[in-house]
There are 2 protein chains.
Amino acid sequence: MSTTQPHKKTSGAYRHGDLKKALLGAGLALARQGGPNAVLLREVTRQVGVVPNAAYRHYANQHDLLQAVRSAAMSALANAIESELAKLPSINDPADFARANLRAVGMGYLKFAQDEPGLFLTAFSVPDDLQGTAVPEKAGNSGLNPYQLLSVALDRLVDTGVLPNERRMGAEYLAWSAVHGLSMLFIDGPLRQLSPAQRQIVSQRLLDMVEKGLV
Amino acid sequence: MSTTQPHKKTSGAYRHGDLKKALLGAGLALARQGGPNAVLLREVTRQVGVVPNAAYRHYANQHDLLQAVRSAAMSALANAIESELAKLPSINDPADFARANLRAVGMGYLKFAQDEPGLFLTAFSVPDDLQGTAVPEKAGNSGLNPYQLLSVALDRLVDTGVLPNERRMGAEYLAWSAVHGLSMLFIDGPLRQLSPAQRQIVSQRLLDMVEKGLV
DNA sequence: TCTTTATGTGAACATTGTACACATAAAGAT
DNA sequence: ATCTTTATGTGTACAATGTTCACATAAAGA
């Protein structure tokens, strides 16, 4: 017991191990509770037990750190969708399976927005300059981001003949906008007062109408 | 020239006249350019040419000021929708008119989001505590807020028999979610790269599908 | 004319992000 | 093994922000 065991906090806990990941984790935890505005550089470093400037060795500035948190939040959303997809029972008819697939994506999206509003808002938060975050590259476990997961679901609908190819693009926008919009309205807008049960019903109805709109 | 003319800035421009409105105006201008995060109390007072603390005579704190700006931004959205409604040509068939009405509301909403992203984001910005801003009470020129304007449009659809009454609520959520979601995706999401012309087409298609989803 | 009230000013403080110089641990070179 | 270099965390310092308290001054009422 003398070579390179990590000290506690005697004189200097130098070489934190993986400070970058620790900072990201703390940032995520803050975003989870308070949304993007809660990700303060000083608070993050405080939680990790390190001096504020230590963060600058791993992130260019607060903006950069927040960007990393955003990516992680987006990954969490992708994982939630994938987990919903994994719950799908086996369905024989490929067209029905494709439909169920799309619903699962939508449901995973909506559930995540309600279960983790802080992360959801962080994932889609607009950077201060009003210009940032184009397409999120960060991906979930399967390597696909939420947009790609939706895209795959629509591919299946086209392949099985449920969705005419000409309408594919419009359908993508409709499905996406509707689900994203409802998510925001659950979190922020006047639908916040609804009980979880009511939200469940509203979500189902929305997905029904999206499906109807595709045909 | 001696009674009560407003001084310039000699020794004290006391009695600003209507400082509260001036602060709100400056806050709105900042929100217009930089979104909700740009509404800094000190910057607002600086623009008005007054000391930071003067704001506290009219607003409890920064949060309160931002809330006022939010309301004003929501009013601006309502006005944009109303202006779109005003452009509607006279249509004989009441059912067609009702449909055109809904489209106008959607178009006004989408246009505003693209023309004034800063105000749009401010109107729907989530307060820091993640809990605030339930239903926006603030209204446009006609005294109706955006939600009520949509509601009126749906009323017309129900009255003319286009929309079955049982589906009214679901339709409201779909229409609203779709339009709101597309707005967000234009501003923030991956649809930001689209040209104005492309956005116009996408908007039209979305409204088509919403209409289809209602039936 | 005196008093009260409303409204703006001034100085001060805690907190935030960030830049600079410095310290120390690990890795490489000789 | 010793020296040098690099990576990583510390300390001090500064500007900017929101906010509080005491004070100043203009307007309104008695």
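## Contacts with DNA strand C

In this predicted model, a backbone N or O atom of Leu41(A) sits 2.8 Å from a phosphate oxygen of DNA strand C. Arg46(A) also reaches a phosphate oxygen of this strand, with a polar side-chain atom at 2.8 Å. Arg42(A) goes to a base instead: a polar atom of its side chain is 2.4 Å from a base nitrogen of DNA strand C.

The strand has 21 residues around it. Those that come nearest are Arg42(A), Asn53(A), Asn53(B), Arg57(B) and His58(B). Both chains are therefore represented in that nearest group, as the chain letters show.## The surface near strand C

Which element gives the largest share of the surface near DNA strand C? Helix α2 of chain A, residues 41–48, does, with three residues. By class, this surface has nine nonpolar, six polar and six charged residues.

The atoms of DNA strand C within 4 Å of the protein can be split by type. Sugar or phosphate holds 43% of them, and the rest belong to bases.

## Contacts with DNA strand D

On DNA strand D, Arg42(B) makes a base contact: an N or O atom in its side chain is 2.4 Å from a base nitrogen. Asn53(B) reaches a base as well. One of its polar side-chain atoms lies 2.3 Å from a base oxygen of DNA strand D. Tyr56(B) goes to the backbone of the DNA, with a side-chain N or O atom 3.1 Å from a phosphate oxygen of DNA strand D.

There are 20 residues around DNA strand D. Asn53(A), Arg57(A), His58(A), Arg42(B) and Asn53(B) come nearest. Of the atoms of DNA strand D that come within 4 Å of the protein, sugar and phosphate account for 45%.

## The surface near strand D

Helix α2 of chain B, residues 41–48, gives the most to the surface near DNA strand D. Its contribution is three residues. The classes here are nine nonpolar, six polar and five charged residues.

## How chains A and B meet

The protein–protein interface brings 46 residues of chain B into contact with 46 residues of chain A. Interface size is often quoted as the accessible area lost when the parts come together. Between chain B and chain A, the buried area is about 3,800 Å². Carbon and sulfur atoms give 66% of that area.

What supplies the side of chain B that touches chain A? Four helices of chain B each supply at least two residues: α1 (19–34), α5 (117–123), α7 (168–187) and α8 (196–214). The largest share comes from α7(B), with 12 residues. By class, this side of chain B has 24 nonpolar, 16 polar and six charged residues.

How many salt bridges are there between chain B and chain A? The count is zero. Polar contact across this interface is found for two residue pairs, both at pLDDT 80 or more.

## Symmetry of the two copies

Chain B superposes on chain A by a rotation of 180° with 0.0 Å of shift along the axis. The RMSD is 0.0 Å. This is the relation of a two-fold axis.

The interface follows suit. Of the interface residues of chain B, 100% are also interface residues in chain A, so the copies meet through the same surface.

Definitions and conventions. Residues numbered from 1 in each chain as written. Chains lettered and ligands numbered in written order. Predicted model: local features only at pLDDT ≥ 70, side-chain atom pairs only at ≥ 80, totals over all residues. Heavy atoms only, no water. Near = heavy atom within 4 Å. Polar contact = N/O pair within 3.5 Å; in protein donor to acceptor, adjacent residues only side chain to side chain. Nonpolar A, V, L, I, M, F, W, Y, C, P; charged D, E, K, R; others polar. Contact = heavy atoms within 4.5 Å. Buried area = accessible area lost by both parts, 1.4 Å probe. Salt bridge = Lys/Arg side-chain N within 4 Å of Asp/Glu carboxyl O. Least-squares fit on C-alpha atoms with pLDDT ≥ 70 in both.
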